[in-house]
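User: I would like to learn how to read the sheets in a model and the helices that pack on them. Could you take me through an example?

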Amino acid sequence: MKEINSNLTIRNFITDLICSVSNSSSIVIAGHNNADPDALAAVMGLKEFLNQIDPNKKIDLVLNLNKLAEKIYKEILSDPKWNFSNTFPENIDLLIITDTSDLGMVIDSKYLQKKGKAPIIQSIIIIDHHIPPIKWDDRVKQTLILSDYSSSAEIITKLFQMQDLIPNRDIVLALLAGIITDTGHFRYATKNTLENAKFLLETGVSISEVTDHLNKKMARSEKIARIKSANRIQKIHYIQEYIVVFSHVSSYEASACKSLIELGADLSFIISYIPKTNEFRISSRAKGKLIRETPLHLGEIMKIIGQNHSGSGGGHDAAAGAYGIINNENKDYMGVLVPEILKLVKKVVVKKID
Ligand SMILES: [Mn+2]
């Protein structure tokens, strides 16, 4: 039943999307800043999808890639000549954002500082697989936020299937790369994820065409950040049988956070703080076992933390992040954030045992 409802939601979304696109002249598709392979795949896939429906429609892409997305783009795709801009046009009729529902992750303070002003946007469409935001931008006209999908790439794959369209080979590889990276090489894939991936594989590509390029060599600075993060754990917290650790590094937070889980923590948080601006960023990760056994959803915890500190946050149940500001005289960000996060985590983790 759920499946039928979800298909109907997607069908209606496609109809409205096509209508919005045909009524707009300045259209931009953008991913979140520092776009990962999933955001790259979603942006490319959506443009191809819309251009298969209307080949004459001009659609601009605004995207800046992170290291892994850059690698995929250069090594896996046969034609890495897409025109990704890092500047938004001044006036946008329709902005479609993917892999995030937060406009602040697409047009952030750094961008505004550099460019001096935000583009004038008439309407916004969101396609995402994370949890929906609490506060909506008034300009948001349509959303397709499917939290039971593994990745934005999987949602775009579904759009092609429902419209009876076949993506070209490069798009197939990009979509597959998005699904593979967001599911931890299918570890977090559901039955539907595998069915959607099957649709892509049936076009004649193989998984190894993607995975052969995903093993990136770790930079020396990343190794050091990981080691520092372990070294800087001040206290090991125990919540029921689970081991929870907090640490801080100034770069490679996500990688450091992951490394603490690999070391044996069930839940890890890495905080990075910029004393000059009082800004902090948090990266969090949980072991699958903890997520299966308790109602913990890190995306929800990070959302609250971001909101508590005039920032934002969100993500998946087992991997999420937040950013915000701490105006604390002695810059004791760990002293503020650690008890706050622990309290929220305890509330959900302990509840399940009772
Ligand atoms: Mn994603």
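**Reading the sheets**

Analyst: This is a predicted model, and a helix lying over strands is a useful place to begin: helix α2 (residues 37–53) lies across β1 (27–31), β2, β4 (91–98) and β5 (120–128), and runs at about 155° to β1.

User: In what order do the strands of that open sheet stand, and is the pairing parallel or antiparallel?

Analyst: In general, the strands of a sheet pair through backbone hydrogen bonds, and the pairing is either parallel or antiparallel. Here 6 strands form an open sheet in the order β3-β2-β1-β4-β5-β6, with parallel pairing. Its edge strands are β3 (84–85) and β6 (140–145), each of which pairs on one side only. At the β3 edge, strand β2 (residues 59–62) is joined to β3 by 2 bridges, the two strands running parallel, and Val62 has Ser85 in β3 as its bridge partner.

User: Which strands stand at the edges of the open sheet with mixed pairing?

Analyst: That sheet also has 6 strands, in the order β7-β8-β9-β10-β12-β11, and its pairing is mixed. β7 (236–239) and β11 (312–315) stand at its edges, each with a single partner strand, so one side of each has no neighbour in the sheet. From one strand to the next, the twist averages 15°.

User: How many bridges pair β9 with β10, and in which sense?

Analyst: Strand β9 (residues 267–274) pairs with strand β10 (residues 279–286) over 8 bridges in the antiparallel sense, and Tyr273 stands opposite Phe280 in β10. Helix α11 (residues 253–263) lies across both of these strands and β8 (242–248), running at about 35° to β10.

Key: Residues numbered from 1 in each chain as written. Predicted model: local features only at pLDDT ≥ 70, side-chain atom pairs only at ≥ 80, totals over all residues. Pairing = 2+ DSSP bridges. Helix = DSSP H or I, 4+ residues; strand = E, 2+ residues; numbered from the N terminus. Contact = placed C-beta atoms within 7 Å. Axes fitted to C-alpha atoms, helices over the stretch in contact; angles between N-to-C directions.
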